[in-house]
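This report introduces one protein model to a reader who has not met it before. The sequence and the structure are shown first, and the description follows.

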Amino acid sequence: MRDTLLIALFAFLGAAAAGLLGAGVLWLIRRRSLTASLTVIAAVAVTAMLAGTLAVAQAMFLSGHDLSVVTTVVAMAAVVSLATALLLGRWVVARSRELTLAARSFGDGGDFAAPEGPVTAELAALSRELAATSAKLAASRERERALESSRRELVAWISHDLRSPLAGLRAVSEALEDGVATDPDRYLRQIRTEVERLNDMVGDLFELSRIHAGTLALSPARISVYDLVGDALAGADPLAREHGVRLVGDRIEPVPVEVDGKEMSRVLGNLLVNAIRRTPADGTVAVAAERSPEGVVLSVTDGCGGIPEEDLPRVFDTGWRGTHARTPPAGAGLGLAIVRGIVEAHHGRAAVRNIPGGCRFEVTLPTTEA
């Protein structure tokens, strides 16, 4: 038993010395190729075995012949181990370089395509993560392009829409200044109308900027959609009378929701104004509110005649106003973008679809337990 313990002790001391030496070498080459590290690891394993064997041989006074045999066996094992480590290292490094080149392609604006051929489990997991990152990056680039396009359109449309009221204000003010206004009160009313129009446009821009910046502060409160729709119909009634449009509120279920009353009133107001302006005289705009498996659905149905199918995905984009035939005399195409932003801030969803004779805008909000 004592001899066995001595053999174990001498073998451990020899192997430990080789292991410490190998650890030092690995630390020195820690920035080098994986092939070098694998080679050092294989060399450490063989050297540890050889050092332990030599230590035991010296302690046990083995014959020179026996020591030569042991040393030859260990040397052959070292050759095979080092060759295997080199081959494995070169294979892993080659696959790593292929993965690096593939990753560089989507970093330069392309799509990631995983290299073909067998790879280790770690490199396969890395390839999957890079593929997922590439897909997210491509989607982000597409959103950025769409946002930049809508931003350019918005700037162009805002510039155009601002020019008209500013030109009107300039003409009216010059007429009043020169004393050629035959009816000053009418001119003053015109100034007030143009100023209110400008104020509405600036308000929409400010609201949209808060939505895009993520700084839209909500004050949720428990409210019935019956009251919400009733207030919206009362606010839109004067505009509906002016355009000869009939407002109808049917299937209004008194369902409670947890929303910011002011912001949701703006949502319904924007939808109603949009529907009234695009519905011919003697037409009908209907508002409904009912439960669904997904939540509470508020809908506004108009008689605009429908939206081209290719334009439906863009209805809620910033600055979208459709064809010239559907464009009202006022507005910069911000109302529906504001609708979507406010609804999504409430964790809801805004959608639109064509129906016979018109469109149906739907706002889905999460329900509140009674």
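**Cysteines**

In this predicted model, the sulfur of C359 has its closest cysteine sulfur in C304, at 3.0 Å, which is too far for a bond. A disulfide would require the two sulfur atoms to lie within 2.5 Å. A search of the whole structure accordingly finds 0 disulfides, and C304 is in no disulfide, the sulfur of C359 being the nearest to its own. Are these two cysteines buried or exposed? C304 is buried, with a relative accessible area of 19%, and C359 is buried as well, with a relative accessible area of 0%. For C304, the value of 19% falls under the limit of 20% that defines a buried residue.

**Confidence of the model**

The mean pLDDT of the protein is 78, and 78% of its residues reach 70 or more. Over residues 324-330, however, the pLDDT is below 50. This stretch has 12 contacts in the model beyond near neighbours in sequence. Where pLDDT is low, the predicted coordinates should not be read in detail.

**The largest nonpolar core**

The largest nonpolar core contains 49 residues. Which of its members touch the most others? They are M264, L298 and F361. Among the contributing elements, helix α6 (residues 225-243) gives the most to this core, with 8 residues. Domain 2 (152-213) and domain 3 (221-366) both contribute residues, so the core lies between these two domains.

The surroundings of M264 can be listed in full. Apart from neighbours within four places in sequence, M264 is in contact with L228, V259, L298, I342, H346, V363 and L365. L298, named above for its many contacts with other core members, is thus one of the residues that M264 touches.

A further residue to consider is L272, which is placed in helix α7 (residues 261-278). L272 has a relative accessibility of 2% and therefore counts as buried. When residues up to four places away in sequence are not counted, L272 touches A232, L233, A236, L247, V285, V287 and V300. L272 and F361 are 89 residues apart in sequence, while their C-alpha atoms are 9.8 Å apart in space.

**Helix α8**

Helix α8 (residues 335-345) has the following buried residues: L336, A337, I338, V339, G341, I342 and V343. One of them, I342, is also in contact with M264. What covers the buried residues of α8? The cover includes α5, α7, β6 and β7 (358-365). After α8 comes H347, whose phi is positive, near 65 degrees.

**Salt bridges**

How many salt bridges does a search of the whole structure find? The search finds 11. Three of these pairs are set out below.

| Pair | N to O distance | Relative accessibility of each partner |
|---|---|---|
| R170 and E174 | 3.3 Å | R170 58%, E174 35% |
| E196 and R192 | 3.3 Å | E196 40%, R192 57% |
| E294 and R349 | 2.8 Å | E294 55%, R349 42% |

The pair R170 and E174 lies in helix α4 (residues 121-178); being 4 residues apart there, the partners are separated by about one helical turn. R170 is exposed, whereas E174 counts as partly exposed.

The pair E196 and R192 belongs to helix α5 (residues 184-213), where the partners are 4 residues apart and about one helical turn separates them. E196 counts as partly exposed, and R192 counts as exposed.

Which parts of the chain does the pair E294 and R349 tie together? E294 lies in the loop between β4 (284-292) and β5 (295-301), and R349 lies in strand β6 (residues 349-355), so the pair ties together parts that are 55 residues apart in sequence. E294 counts as exposed, while R349 counts as partly exposed. Elsewhere, salt bridges that share partners join E207, R210, E263 and R266 into one network.

Definitions and conventions. Residues are numbered from 1 along each chain as its sequence is written. This is a predicted model: local features need pLDDT of at least 70, side-chain atom pairs count only at pLDDT 80 or more; totals for chains, interfaces and linings use all residues. Side-chain values use heavy atoms; hydrogens and water are left out. A nonpolar core is a set of buried Ala, Val, Leu, Ile, Met, Phe, Trp, Tyr and Cys residues joined through side-chain atoms within 4.5 Å. Buried means under 20% relative accessible area, exposed over 50%, partly exposed in between (1.4 Å probe, protein chains only). Helices (H or I, at least four residues) and strands (E, at least two) are DSSP runs, numbered from the N terminus. Domain bounds come from an automatic or database domain assignment. Contact means heavy atoms within 4.5 Å. pLDDT is the predictor's confidence in each residue, from 0 to 100. A salt bridge is a side-chain nitrogen of Lys or Arg within 4 Å of a carboxyl oxygen of Asp or Glu.
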